[in-house]
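Reader: I'm new to reading structures and would like to go through one helix with you, slowly. Could you put it up so that we can both look?
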Amino acid sequence: MPFTFLKDLYQHGTIILDESLKQSAIPAKLIQNYVTAHYQARIDSGTLTLLIGQHSKLLSKLMKEYGTQCVLYITACNPHSQPQDREANLTASNQLFVLLSTLSNHIFSGKSSDPAGKWPAESSFLALGIDFVASKTLGRQFDQNAIVWVDLDAIPRLILLR
């Protein structure tokens with residue numbers, strides 16, 4: 001994807017640079033990988049797949065069903081996109097789940113995956129009802145480059161934290 005494509009995504013609000021930053025420290029190629037990733041969660045009716053910038057009817061239905069106006073999709077794996085061993089990722093994921101449980105009663109496990117298969121899937125969580133500020137705080141606490149956040153319009157947005 002050329003730089004102009006990423007620039008368009010910024011301008012349309014699909015990628016949001018945290019307001020505390022003047023520019024992202026994340027390489028454009030890595031941001032491109034985040035944009036094209038599949039963010040999946042297991043819910044009662046099957047698998048929900050979120051795609052950055054694309055409205056999700058199934059997520060919209062889920063949000064209405066649980067009476068929530070926002071959603072966080074997050075992983076604790078591979079802080080700052082630096083590969084960790086399985087045990088470190090599992091420990092971090094368990095710690096994240098404990099924290100998410102204090103903020104949401106509706107957490108669905110899942111995985112973030114690369115549709116091209118160039119990088120391994122990461123254990124992740126979809127948590128209903130976690131506001132924007134708390135979502136960014138959690139992402140930073142687990143040293144993530146970015147999180148996926150959704151508001152009432154059910155359009156996943158990539159929030160860059162570095």
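Reader: Okay, which residues of helix 5 are buried?
Author: In this model, which is a predicted one, the buried residues of helix 5 are Ser-135, Lys-136, Leu-138 and Gly-139. Looking down the axis of helix 5, you would find these buried residues within an arc of 160 degrees, so they line one face of the helix.
Reader: Why would residues a few places apart end up pointing the same way?
Author: An α-helix has 3.6 residues a turn, so residues three or four places apart point the same way.
Reader: And what do the buried residues of helix 5 pack against?
Author: They pack against helix 4 (86-103) and against three strands, namely strand 4 (71-75), strand 7 (146-150) and strand 8 (157-160).
Reader: What about the two ends, starting with Asp-131?
Author: At the start of helix 5, a side-chain oxygen of Asp-131 comes to within 3.1 Å of the backbone nitrogen of Val-133. Beyond the other end, helix 5 is followed by Asp-143, which has a positive phi, near 55 degrees.
Reader: Is Gln-141 buried or exposed?
Author: Gln-141, which belongs to helix 5, is partly exposed, because its relative accessible area is 49%. Its C-alpha atom is separated by 9.1 Å from that of Ala-76, although the two residues are 65 residues apart along the chain.
Reader: Switching topic, how many disulfides are there in the whole structure?
Author: A search of the whole structure finds zero.
Reader: Then are Cys-70 and Cys-77 buried or exposed?
Author: Cys-70 is buried, with a relative accessible area of 12%, and Cys-77 is also buried, at 4%.

Definitions and conventions
Residues numbered from 1 in each chain as written. Predicted model: local features only at pLDDT ≥ 70, side-chain atom pairs only at ≥ 80, totals over all residues. Heavy atoms only, no water. Helix = DSSP H or I, 4+ residues; strand = E, 2+ residues; numbered from the N terminus. Buried < 20%, exposed > 50% of the residue type's maximum accessible area, 1.4 Å probe, protein only. Arc of directions from axis to C-beta. Contact = heavy atoms within 4.5 Å. Polar contact = N/O pair within 3.5 Å; in protein donor to acceptor, adjacent residues only side chain to side chain. Disulfide = S-S within 2.5 Å.
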